[in-house]
Amino acid sequence: MPALTTEPAAREPAAREPGSPQPAPQQPVRSLQRILAFRIVLVCLGATVALTAYVAAIYLMDLAELRQRALAGMAASVVEELAAGRNPALLPPFRDYPSAYGVRVFNRRSVENRKLVAEVNPHLLPPLTAAGGTESDYDITEGLAVRPLGADDGAADSWIYTDHFDVKGNSYWVQTVMAGDPARLWWGIMEKEVRDHVMVPVLFLMPGLMLAILLTIRRSLEPLTRISRRAAGLTRAIESGNTPSPLPVAGLPAEVRDLVVAINGMSASLDQLFQRQKQFASDVAHELRTPLAVMLLETARLAPSPERESIADEVQGLIRMVNQLLRLAQAEDAMLRERAPLDIVPAVRRVCEDLADRAMARSQTIEFDAPDGPVVVFGHPTLIEIAVTNVLDNAIRLSPRGSVVSVSIDTAGTVTVDDSGPGVPDADKTRIFERYWRGDTRRGGSGIGLALVSRIVRLHDGAARVEDRPGGTGARFVLRFGPPPDRPADTRAARLRRLRVPASLH
Amino acid sequence: MRVLVIEDNPRLSAVVAKLLADHGFAVDTAADGEEAEAALRIASYDVVLLDLTLPDTEGLALLRRMRAEKIMAPVIVVTARSEVVQRVQLLDAGADDYLVKPFSMDELLARVRAMLRRPAHMADDILSAGNVSLETKSLTLTIDGVTVDAPRREIGVLETLLRNLGRLVAKQKLADAVYSLDNEVTPNAVEVAVSRLRKRLQTHGAAVSITAMRGLGYVLTDQCPP
């Protein structure tokens, strides 16, 4: 019953719900090996049928031969019956068709000395000693022969056959006769021929042939299966940002080689495109830095004025934006790489040391608090550094001169940055992490930085939030990074599973 | 004080040259590696500003050639790339400092001045900031013209801070300086040395101050404490 209910649903894709994410169920993917084996078996069966038909046709084209073998067969079985002491009249053709089949057995060759041994349906036969003396003599002299009976009267479908047998030292002559073939004896002969010369050999050959075919198919397709396994590695390499190594072409059959050469070409140009794109983003950012340096230095040489301040502010904004774009490009690149267990403390310390100069320029100091030992999170150092840089950079920019910016890491790997800036109004506390949301335009910012922070933190199975700084004005940014998976469960299989996680996240 | 600016972008080269000239430096400019090498052979410079991307050669290669030819003038590499790996490479290749584009006038002047304080060619071995100076060979500390006695450990800390005037010195770097002088140091030896040095500088009326960045390190500035 279940088969009945599922089948129509499977056949009618229109009946599926429209929101279904999967495309209409495709035909099950069958292996080339199975398809080939199935088709070759079909061809073999077809060949067997053709062979049977051929054999049958050959026999049908030579009816005389069939007829002779039918009569000879009949004679042989009569002798057999007599030798076994049974009555040949009970044989099916004689019994069932008395007007069509007959037999006579006699003991002497010469017409005069003939003595009848047995006779069935004698009315079909010429008289024992009479009919066409010379011709009979001829028959008997020649041994076996078939000739039409009563050639003159047009009963051309009646045939007589004479043969000689030795049974237990005695010599016998057997004449069989048939008028038409209502018992379809020749059909039986043909069947036997087909069975003996087609079916039996085919049955004997088939298992060996099948085995040979399967082995040949498997062997021939081996390079293809080998290559397709390697091809999966290509995709992984491109996904993880590595240059894919070309698939080996040596030892492949021509058709597969063309395919592999095409795949290699495609993956190489895909990789080039990837590299160019990556290079482009970072080149653009770098190219912008030189003119920005010129602008920054030129404004410094202008006489102090409100206009100079305004231009300087804009240049600073541009510089920040270029830095953000560069970090975004770096992050995009790093996101493709695999994460690993990592001590977050030195990564965050590096960021603080890098930005210390900027803080000093604003007479600010940075405080850094971290546990003594390593704090291990599961992540990528470049990405974590970019996220913390973006938050700390904002904190330094928005805090007043001479203030302190505090960065701390707790034992769970959560990074907290406290500033003394204007803080973030409650209404904006979630929107601030959205892309291109810039809040108060006076504060500047490209709307890229915190969105990138949020993306990086989510990629690390963590979360980013902003709250009011406890006990004072300012904002507190909290970046939580996911911990490494539990140690006890850290089997090789679990590690491999985890390593695939980042790739599936984007 | 003579500065060579090696920069292929004519506008940046011109504005840097003008700024340095405004502040009393004698400035030469070179637009490519060939010009730079010619200039370096003729004159002796106190500071070289080297852009990494030059039309005819890699800045890094030029730097290596300079060092191979025993041109020991302090080199500040100017780069548009800020990757950590590259900075390490630069310092390994013999750069004394680096500036990431775009840089402000203050940053530029601070770095150039910091270079001038360095004992280049090992002849000039006096480090100074404000009214404090330290002779690195005899380890003589002078504050406002008066010689002050100080333990080796404090001198070691001060020397490291003076060499990095205005910039954060990681605690580990100071610890290394102290360890190299004295192998019996307690875990908080750096804190103790810095706080004693700070007191000593204060008592002798030094016009410098040491700012602590908790968990990171210390910065010596030539501004008086507020």
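Two strands count as paired if DSSP finds at least two bridges between them. Helices (H or I, at least four residues) and strands (E, at least two) are DSSP runs, numbered from the N terminus. The model is predicted: local features need pLDDT of at least 70, side-chain atom pairs count only at pLDDT 80 or more, and totals for chains, interfaces and linings use all residues. Residues are numbered from 1 along each chain as its sequence is written, while chains are lettered from A and ligands numbered from 1 in the order in which they are written.

**Exercise 1. The sheet of chain A**

Task: State the strand order of the five-stranded open sheet in chain A, and find which strands stand at its edges.

Solution.
- Order: the five strands run β7-β9-β10-β12-β11 (chain A), with mixed pairing.
- Edges: β7 (365-369) and β11 (463-468) of chain A each have a single partner strand, so one side of each is left without a neighbour in the sheet.
- Twist: neighbouring strands are turned by 15° against each other on average, direction ignored. Such angles run from 0 to 180 degrees between N-to-C directions, with axes as lines fitted to C-alpha atoms, for helices over the stretch in contact.
- One pair in detail: β10(A) and β12 (residues 475-480) of chain A run antiparallel and are joined by four bridges. Within this pair, V415(A) faces L479(A) of β12(A).
- Packing: α9(A) lies on the sheet and touches β7, β9 (404-409) and β10 of chain A. The direction of α9(A) makes about 170° with that of β7(A). Contact here means C-beta atoms, placed from the backbone, within 7 Å.

**Exercise 2. Two helices of chain A**

Task: Check the lengths of α9(A) and α3(A) against the expected rise, then list their buried residues.

Solution.
- Rule: the expected span is 1.5 Å times one less than the number of residues.
- α9 (residues 344-361) of chain A: 18 residues should span 26 Å, and the end C-alpha atoms are 27 Å apart, which agrees.
- α3 (residues 63-83) of chain A: 21 residues should span 30 Å, and the end C-alpha atoms are 30 Å apart, which agrees.
- Bend: α9(A) bends by about 40° at L355(A). The bend is the angle between axes fitted to the seven residues ending at a residue and the seven starting there.
- Burial cut-offs: a residue is buried with 20 or more other C-beta atoms within 10 Å of its own, exposed with 12 or fewer, and partly exposed in between; C-beta atoms are placed from the backbone.
- Buried in α9(A): I344(A), V345(A), A347(A), V348(A), R349(A), V351(A), C352(A), L355(A), A356(A), A359(A) and M360(A).
- Buried in α3(A): R69(A), A70(A), L71(A), M74(A), A75(A), V78(A) and V79(A).
- After the helices: S363(A) follows α9(A) with a positive phi near 55°. G85(A) follows α3(A), and its phi is positive, near 80°.

**Exercise 3. A loop residue**

Task: Place D428(A) and classify its exposure.

Solution.
- Location: D428(A) sits in the loop between β10 (415-418) and α11 (449-459) of chain A.
- Exposure: D428(A) counts as partly exposed because it has 15 C-beta neighbours inside 10 Å.
- Distance: D428(A) and V466(A) are 38 residues apart in sequence, with 9.4 Å from C-alpha to C-alpha.

**Exercise 4. Hairpins around β8(B)**

Task: Trace the partners and faces of β8 (residues 140-143) of chain B.

Solution.
- First partner: β7 (residues 132-135) of chain B pairs with β8(B) in the antiparallel sense over four bridges. T142(B) is the bridge partner of S133(B).
- First turn: four residues separate β7(B) and β8(B) in a hairpin, and L139(B) in the turn has a positive phi of about 55°.
- Second partner: β9 (residues 146-148) of chain B runs antiparallel to β8(B), joined by three bridges. Here T147(B) is the bridge partner of T142(B).
- Second turn: two residues lie between β8(B) and β9(B) in a hairpin, and D144(B) in the turn has a positive phi of about 55°.
- Faces: L141(B) and I143(B) point to one face and are buried, while T140(B) and T142(B) point to the other and are not.

**Exercise 5. Where the chains meet**

Task: Describe the side of chain B that touches chain A.

Solution.
- Count: 25 residues of chain B contact 25 residues of chain A.
- Elements: α1 (10-22), α5 (105-117) and β11 of chain B each supply at least two residues. The largest share, six residues, comes from α1(B).
- Make-up: this side of chain B has 13 nonpolar, five polar and seven charged residues. Ala, Val, Leu, Ile, Met, Phe, Trp, Tyr, Cys and Pro count as nonpolar, Asp, Glu, Lys and Arg as charged, and the others, Gly among them, as polar.

Methods:
Two residues are in contact if their C-beta atoms, placed from the backbone, lie within 7 Å.
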